[in-house]
Amino acid sequence: MRVLTGNITDTAIMPLAEKAEYRMIIKHLDHLEYLGQLSAYFKKTLIDMSEKVVDNLAANYGAVKEGVRTVMGGQILEYEAKTILRQGQMENLAQNVQALMETMNWTAEQAMDRLKVPKEKREAVYAKL
């Protein structure tokens, strides 16, 4: 992330490259959450803490601060409900895998094969078992 220096006024616009960096951070956090390596709560906490850091670093640069909030805050609003839904779906899937393992005496892999769990979701299911 680039450090802003020089004479920037409140009418300055956050450069697109910096917006892209914030979007990349959010995308990476979303991916970690999807894999089950990061909870929705922890992701939101990281974003909230990042906003506080930006508030302090860009206190004199209102446009920069607002640009970061627009990028990061918009992601929170758009994905918070989706995050809760995905977590519920993943927990339900893990419960179904567990039930098949217990009732059919199958391995987790056999249960996921039977439920047609995509390969990219299996790691997250294992984490919930």
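The largest nonpolar core in this predicted model is built from eleven residues: M90, L93, A94, V97, L100, A108, A111, M112, V117, A124 and V125. Three helices, α3 (62-104), α4 (108-114) and α5 (119-128), each put in at least two of these residues. The biggest contribution is from α3, with five residues. If you want one residue to start from, try A94: leaving aside anything up to four places away in sequence, A94 touches V125, K128 and L129.

Now zoom out to the whole fold. The protein chain has five helices and zero strands, so the pattern you read along the sequence is simply α-α-α-α-α. Of the 129 residues in the protein chain, 29% are buried. Take the contacts with a separation of 6 or more, and 53% of them join residues 24 or more positions apart. As for the outside, the protein chain exposes about 8,600 Å², and 57% of that comes from carbon and sulfur atoms.

Back to the helices, and to a residue worth clicking on. R122 lies in helix α5. Is this arginine buried or exposed? R122 counts as buried, because its relative accessibility is 7%, and the cut-off for buried is under 20%. Not counting residues up to four places away in sequence, R122 touches E109, M112, D113 and V117. Two of those names, M112 and V117, you have already met in the nonpolar core.

E109 deserves a look from its own side too. E109 is found in helix α4, and with a relative accessible area of 30% it is partly exposed. Beyond residues up to four places away in sequence, E109 touches K119, R122 and Y126. Y126 is 17 residues away from E109 in sequence, yet their C-alpha atoms are 9.4 Å apart in space.

Next, the loops on either side of α4. The loop between α3 and α4 holds N105, which has a positive phi of about 60 degrees although it is not a glycine. N105 counts as exposed because its relative accessibility is 69%. Further along, in the loop between α4 and α5, you find K116. Its phi is near 55 degrees, again a positive value in a residue other than glycine. How exposed is K116? The relative accessible area of K116 is 71%, so it counts as exposed, the cut-off for that class being over 50%.

Finally, some empty space to explore. Rolling a probe the size of a water molecule over the atoms shows where such space is left. The second largest pocket takes in about 260 Å³. Its lining has 14 residues, and E33, Y34, R86, Q87 and M90 are the ones that lie nearest its centre. The elements giving two or more residues to this lining are α1 (16-34), α3 and α5. Which helix gives the largest share of the lining? That is α3, with six residues. By class, the lining splits into five nonpolar, five polar and four charged residues. M90 ties this pocket back to where we started: M90 is among the lining residues nearest the pocket's centre, and M90 is also a member of the largest nonpolar core.

Notes
Residues numbered from 1 in each chain as written. Predicted model: local features only at pLDDT ≥ 70, side-chain atom pairs only at ≥ 80, totals over all residues. Heavy atoms only, no water. Core = buried A, V, L, I, M, F, W, Y, C linked by side-chain atoms within 4.5 Å. Buried < 20%, exposed > 50% of the residue type's maximum accessible area, 1.4 Å probe, protein only. Helix = DSSP H or I, 4+ residues; strand = E, 2+ residues; numbered from the N terminus. Contact = heavy atoms within 4.5 Å. Areas by Shrake-Rupley, 256 points an atom, 1.4 Å probe, with all protein chains shown as cover. 1 Å grid on protein atoms, 1.4 Å probe; cavity = no way out; pocket = protein on both sides within 12 Å on 5 of 7 lines; lining within 4 Å. Points joined across faces, edges and corners; volume = space filled by probe spheres on them. Nonpolar A, V, L, I, M, F, W, Y, C, P; charged D, E, K, R; others polar.
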